[in-house]
Amino acid sequence: MNWADLNLMPAAPELFLFSAVSVLLLLDLFVSDAKRGITYVLSLAILAVAAVLQLAVAEPYAIHTFSNTFVSDPLSTLVKLAMYATTFAVLVYSRQYCADRGIFKGEYFTLSLFALAGMNIMVSASHFLSLYMGLELLSLCLYALIALQRDSVPATESAMKYFVLGALASGLLLYGMSMVYGATGSLELAAVAKSIGAGSANQVLLVFGLVFIVAGLAFKLGAVPFHMWVPDVYQGSPTAVALMIGAAPKLAAFVFVLRFLVQGLGPLVADWQGMLAIVAVLSMAIGNITAIAQTNIKRMLAYSTISHMGFLLLGLIAGNADGYSAALFYTVVYVLMSLVGFGILLALSRAGFDCETLDDLKGLNQRNSWYALLMLLAMFSMAGIPPLLGFFAKFAVIMSVVNIGLVWLAVFAVVMSLIGAFYYLRVVKCIYFDDAVDTAPIVVRGDMKLLLSVNAVALLVLGAVPERLVALCVEAMKQSLTVL
Amino acid sequence: MDMKSLYLLIALSPLAGSLIAGLFGWAIGRRAAHVVTILGVAVSAALSLKVLHGFLTGEASVFNEAVYTWLTVGGMEFSVGFLVDTLTAMMMVVVSFVSLMVHIYTIGYMQEDPGYQRFFSYISLFTFSMLMLVMSNNFIQLFFGWEAVGLVSYLLIGFWFKRPTAIFANLKAFLVNRVGDFGFLLGIGLVLAHFGGSLNYSDVFAAAPGLANATIAIFPGVEWSLMTVTCILLFVGAMGKSAQFPLHVWLPDSMEGPTPISALIHAATMVTAGLFMVSRMSPLFELSDTALNFIMVVGSITALFMGFLGIIQNDIKRVVAYSTLSQLGYMTVALGASAYSIAMFHVMTHAFFKALLFLAAGSVIIGMHHDQDMRNMGGLRKYMPITWITSLLGSLALIGTPFFSGFYSKDSIIEAVHASNLAASGFAYFAVVAGVFVTAFYSFRMYFLVFHGKERWMENHGSHHEHHGDHDDEEPSGDHHHGLGPNDKPHESPWVVTLPLVVLAIPSVMIGYFAIEPLLYGDFFKGVIVVNSEAHPAMAELAHEFHGAAAMGVHALQTMVFWLAVAGVALAWFFYMKAPHIPAAIKQRFAVIDRVLENKYYMDDLYFNLFAKGSRALGTFFWKVGDMLLIDGLVVNGSAKLVGFFSGVVRKLQTGFIYSYATTMIVGVLALMTLWFAQLIF
């Protein structure tokens with residue numbers, strides 16, 4: 001490698017992020033618990049600076065660097081910006097929650113930001129190894145985050161489960177990658193695609209590897225039958241961490257899947273299309289049907305996430321640029337919605353009390369009609385009721401499978417979202433039509449209230465003018481996937 | 001300011017007022033609520049006048065643009081767009097101006113009502129919806145506006161929602177309008193399917209001439225003219241909204257709402273939406289004589305037979321309501337005669353004088369302490385001079401007294417029907433001419449009963465409250481403060497009530513004289529309303545005979561129509577001033593006819609027994625067999641149970657043990673592997 005030719009500019013945001021978080025880690029040692037607010041503010045500042053840097057180095061085409069292991073393209077730029085914003089919101093939403101539970105510590109911030117750095121690498125990787133490295137960085141941070149409350153039995157249990165199953169999934173993924181390497185002789189996405197496209201690779205070996213890769217990817221997304229960890233982890237971890245797991249990592253996982261399957265294994269589209277279809281159908285069915293039986297909202301949202309991942313896969317199944325943009329749009333919308341849903345749960349929790357069950361939401365409208373309205377927006381949007389943003393997201397992915405002639409899949413998706421509407425509307429019913437069980441006053445910091453309101457109202461406003469967001473996704477996808 | 005933002009401002013300022021008054025009414029109080037809504041509507045009215053002025057002076061040009069695209073589905077665009085031409089401009093002025101007057105009037109009328117802010121929010125919302133309806137440049141937005149005004153109308157008829165009659169009335173209005181809307185939607189569907197796949201007016205109108213002879217087979221083997229079916233279906237929508245026979249039954253009951261909205265929605269604006277729509281669609285309707293004949297028959301039945309019902313009403317608002325029905329019939333007849341411009345002319349003049357009559361009736365009701373029964377009134381002219389004079393002017397305009405505005409529009413309709421060569425024009429001509437006499441009779445019956453004669457509230461007070469007054473949602477029985485006691489005196493209403501009366505009286509008297517020439521015979525509607533003058537020469541013939549507004553007025557004195565109106569007034573005077581025992585005697589002698597009229601031709605009973613009860617019986621059947629047994633038992637509960645069952649099973653799979661999770665993953669990999677290798681091998 002010739003160091004003189006190394007172009008560091010495309011990776012400037014990541015480099016900044018790593019160095020800044022390392023400095024933060026050291027600085028935090030000298031901050032007393034009472035002044036932990038400093039770490040909090042610095043973390044937010046790091047996110048803001050990284051976002052500005054990201055915008056500064058953005059180019060409307062793909063740039064490869066680090067010997068073709070790292071790529072900066074409009075897709076990665078868009079998704080990274082979304083992840084900075086998401087992490088920013090997560091930190092703001094969880095401040096009070098963490099402070100009440102004694103996890104408002106330096107570790108919380110550094111682990112979150114290192115996880116973000118891992119996600120950045122996942123999003124920007126163009127090589128099997130860098131992809132894997134990003135994934136492990138993210139996963140290790142998440143395991144530790146879940147177990148941050150060392151004395152909490154459910155939290156340590158779910159961290160353990162996630163760790164063991166995650167190791168298994170990583171094993172599957174690595175094994176699949178080694179098969180593909182054996183068949184193609186390369187680990188670089190473009191070279192792999194080229195080799196498969198030329199038809200010289202061993203087909204049996206490839207498909208064998210592909211099955212393992214799909215299994216590993218499905219685990220990361222939390223799609224059936226590799227979803228078992230999702231409900232347990234969501235329920236077991238502190239709500240703030242559940243939000244951390246449920247939001248930005250889904251964006252990263254989506255691009256991760258896209259890089260693997262579309263950019264690396266694109267010529268095998270006919271094979272992975274079928275596998276994803278099975279996984280998508282199962283996810284939509286199991287996710288929506290099981291969510292109905294849940295009385296714990298975090299668990300219900302976990303199953304709801306599983307079904308959303310099924311919907312997201314519809315866009316990938318389409319196997320064309322329109323479908324990928326629809327899936328990207330869906331992911332962004334999903335993250336916006338889950339931020340509101342979990343944000344409300346965080347707002348309703350207080351020291352010694354976690355808002356977790358449907359009963360805790362009963363009569364929210366009597367207690368505070370504004371938060372009731374925000375939750376209503378989130379639930380309606382998740383159920384896909386127009387004119388909220390969730391409707392357009394569902395509409396886009398469903399149209400993309402209709403366009404390739406898979407009408408049965410579209411009909412199935414619609415029926416499943418109908419079943420799903422039941423449990424979303426049940427939440428709304430609890431909020432508006434039941435009498436309050438819990439009558440404690442709701443105290444929320446002003447900055448969180450503002451951000452949460454903006455976030456929820458965005459679901460309505462962007463629903464009225466969805467074109468800009470759709471156009472952003474379509475453009476990013478078009479400029480990044482020239483390989484296709 | 002460019003035109004686009006101007007039009008947006010016109011449409012959106014009432015919406016802003018409505019939202020503020022509706023969402024924050026509890027915080028800002030009554031005064032601020034009416035100030036902000038009146039301000040919003042006043043902005044609309046002033047700018048609409050500016051737009052109309054632009055068209056009159058020739059400075060403005062037709063505006064047809066999409067302002068906002070909501071979504072695009074497979075090449076179909078759903079957008080909000082404005083088409084502003086002379087027809088739109090005229091409607092905009094009428095809507096915003098009458099609405100402004102009604103807003104002001106409401107301050108006085110709703111003074112003591114606890115729902116004050118809600119009411120202002122609703123009427124501003126209505127103004128917004130109606131403006132969106134008339135300004136639309138496509139069918140989707142038209143339909144949205146159409147449903148939005150319907151919704152506000154529903155909300156306002158049931159404004160006093162604790163009163164069972166009001167709830168019944170608004171449900172009735174809602175259901176009857178559903179029937180009309182069903183036809184309307186089918187019509188829009190046909191347009192979408194056959195007119196080139198676009199719902200923009202300009203595209204549809206461009207495609208129409210090529211489809212004049214197209215046919216469709218709705219039932220196999222029977223070919224129907226596409227244009228006729230489309231037009232009749234669209235007109236069915238108009239029949240619901242504009243209360244044409246046989247879908248008129250909701251309008252009289254809508255009088256359960258507060259009087260200001262009877263004036264605004266159920267007389268001046270919303271009910272003319274159907275007529276506006278037909279005029280807007282004139283390029284389509286001109287292509288089907290069958291549809292025009294149908295329209296003419298429906299209109300003439302409404303014009304004459306609803307007028308008869310006005311004669312026997314004792315509730316002051318119901319007289320005006322039936323008179324509205326009858327006048328709507330006149331406008332519909334004009335549409336049938338291809339005299340769209342005359343219909344719109346009558347829409348305009350009628351909006352002014354009918355809003356005036358309604359608001360005057362409201363003023364009388366305030367004066368009578370919310371007693372609406374005319375049998376308890378009489379001699380009010382001494383106590384309520386402004387209401388009296390303005391009512392007289394309104395009534396004179398309504399019956400078509402030469403030189404009043406109603407005369408010009410109504411007489412033109414009669415002439416147009418006379419000149420029409422459609423098959424139905426013979427019957428229609430008889431109906432509209434006979435209608436003149438009937439109109440004059442019931443109008444002046446009301447006038448004499450209310451403002452002249454003995455002061456009857458002093459006698460016989462007590463047991464006549466069939467019709468509840470307007471003001472009792474706070475009280476369970478609500479009767480004791482209704483009407484005047486023997487020693488009370490009615491007094492003139494406050495200035496916020498009388499000012500709109502005076503302001504509306506001016507156009508009611510004068511606008512016909514000034515507007516007839518440009519509107520009907522000038523080129524005001526040129527290029528907007530399309531008339532095939534070879535097939536339908538009525539307008540052309542009228543233009544030939546027209547020699548100025550003054551000459552028309554003078555000429556009218558020698559016509560039968562004028563003397564019929566005079567005879568109507570004279571008979572009303574004789575019956576109700578001179579010999580009040582005669583009507584009672586006639587009523588006894590012709591008890592059968594009276595009963596038919598009292599029961600409104602048994603239309604309500606028919607609908608109630610046949611459709612309402614019938615559909616309820618059908619509903620009960622479906623409920624018992626279809627719903628309870630099949631759907632609830634099998635589909636809903638069955639699938640819910642099935643879902644619940646699966647839910648339970650999957651829940652059990654989720655054991656919480658890590659080895660079972662890992663096993664599931666491995667099984668998943670194996671299953672995928674098996675599936676794909678089976679494919680490779682076979």
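Guide: Buried means under 20% relative accessible area. Keep that cut-off in mind, as we'll lean on it throughout this predicted model. In chain A, 63% of the 484 residues count as buried.

Visitor: And what share of the 682 residues of chain B count as buried?

Guide: For chain B the figure is 57%.

Visitor: How many helices and strands are there in chain A?

Guide: Chain A has 21 helices and 2 strands, while the secondary structure of chain B comes to 25 helices and 4 strands. On contacts, take pairs in chain A at least 6 apart in sequence: 80% of them join residues at least 24 apart. The chain B figure, worked out for pairs at least 6 apart, is also 80% joining residues at least 24 apart.

Visitor: Let's try helix packing. How are two packed helices described?

Guide: The general recipe is the angle between the two axes plus the distance between them. Here, helix 3 of chain A, residues 74-101, packs against helix 4 of chain A, residues 106-124, at about 165°, and the axes are 11 Å apart. Angles over 145 degrees count as roughly antiparallel, so that is the label for helix 3 and helix 4 of chain A. The crossing of this pair is right-handed.

Visitor: Which residues of helix 3 and helix 4 of chain A make the contact?

Guide: From helix 3 of chain A you'll find, among them, Val79(A), Met83(A), Tyr84(A), Val90(A) and Cys98(A); helix 4 of chain A brings residues including Phe109(A), Leu116(A), Met119(A) and Val123(A). Sorted by class, the contact of helix 3 with helix 4 of chain A has 11 nonpolar, 6 polar and 1 charged residues.

Visitor: And how do helix 3 and helix 14 of chain A run, roughly parallel or roughly antiparallel?

Guide: Start with the numbers: the axes of helix 3 and helix 14 (residues 321-348) of chain A come within 10 Å and cross at roughly 5°. Angles under 35 degrees count as roughly parallel, so helix 3 and helix 14 of chain A get that label. On the helix 3 side, the residues that meet helix 14 of chain A include Leu75(A), Val79(A), Ala89(A), Val90(A) and Tyr97(A), and the partners include Leu328(A), Val335(A) and Leu346(A). This contact between helix 3 and helix 14 of chain A divides into 11 nonpolar, 3 polar and no charged residues.

Visitor: What about nonpolar cores?

Guide: In soluble globular proteins, nonpolar side chains tend to be buried together. In this model the largest nonpolar core has 211 residues, and Tyr7(B), Leu284(B) and Phe285(B) have the most contacts inside it. Helix 14 of chain B, residues 340-367, gives the largest share of this core, 20 residues. A second, separate core of 195 residues includes Leu24(A), Leu47(A), Ala183(A) and Leu459(A).

Visitor: Which residues does Leu284(B) touch, leaving out those up to four places away in sequence?

Guide: Leu284(B) touches Phe195(B), Val204(B), Phe205(B), Ala208(B), Met227(B), Cys231(B) and Leu234(B).

Visitor: Can we look at single buried residues? Where is Pro13(A)?

Guide: Pro13(A) sits in helix 1 of chain A, residues 12-28. Its relative accessibility is 0%, so Pro13(A) counts as buried. Leaving out residues up to four places away in sequence, Pro13(A) touches Ala50(A), Leu53(A), Gln54(A), Val57(A) and Tyr84(A). The C-alpha atoms of Pro13(A) and Leu55(A) are separated by 9.3 Å, though these residues are 42 apart along the chain.

In chain B, try Ser262(B), which lies in helix 9 (residues 259-268). Ser262(B) is buried at a relative accessible area of 0%. With residues up to four places away in sequence not counted, Ser262(B) touches Met255(B), Gly257(B), Ala267(B), Lys317(B) and Phe358(B).

Visitor: Last topic: backbone oddities. What should I look for?

Guide: Most residues other than glycine have a negative phi, and most peptide bonds are trans. Now the exceptions here. A cis peptide bond joins Val224(A) and Pro225(A), with omega about 5°; Pro225(A) is in the loop between helix 8 and helix 9 of chain A. The bond from Pro386(A) to Pro387(A) is cis too, with omega near 5°, and Pro387(A) is in the loop between helix 17 and helix 18 of chain A.

Visitor: And what is phi of Ala243(B)?

Guide: Phi of Ala243(B) is near 50°, a positive value. Ala243(B) lies in the loop between helix 7 and helix 8 of chain B and is buried, at 0% relative accessible area. Ser338(B) has a positive phi as well, near 65°. Look for Ser338(B) in the loop between helix 13 and helix 14 of chain B; at 1% relative accessibility, Ser338(B) counts as buried.

Methods: Residues are numbered from 1 along each chain as its sequence is written. Chains are lettered from A and ligands numbered from 1 in the order in which they are written. This is a predicted model: local features need pLDDT of at least 70, side-chain atom pairs count only at pLDDT 80 or more; totals for chains, interfaces and linings use all residues. Side-chain values use heavy atoms; hydrogens and water are left out. Axes are lines fitted to C-alpha atoms, for helices over the stretch in contact, and angles run from 0 to 180 degrees between N-to-C directions. Angles under 35 degrees count as roughly parallel, over 145 as roughly antiparallel, 65 to 115 as roughly perpendicular and the rest as oblique. A crossing is left-handed if the near helix is turned anticlockwise from the far one by less than a right angle, and right-handed if clockwise. Contact means heavy atoms within 4.5 Å. Ala, Val, Leu, Ile, Met, Phe, Trp, Tyr, Cys and Pro count as nonpolar, Asp, Glu, Lys and Arg as charged, and the others, Gly among them, as polar. A nonpolar core is a set of buried Ala, Val, Leu, Ile, Met, Phe, Trp, Tyr and Cys residues joined through side-chain atoms within 4.5 Å. Buried means under 20% relative accessible area, exposed over 50%, partly exposed in between (1.4 Å probe, protein chains only).
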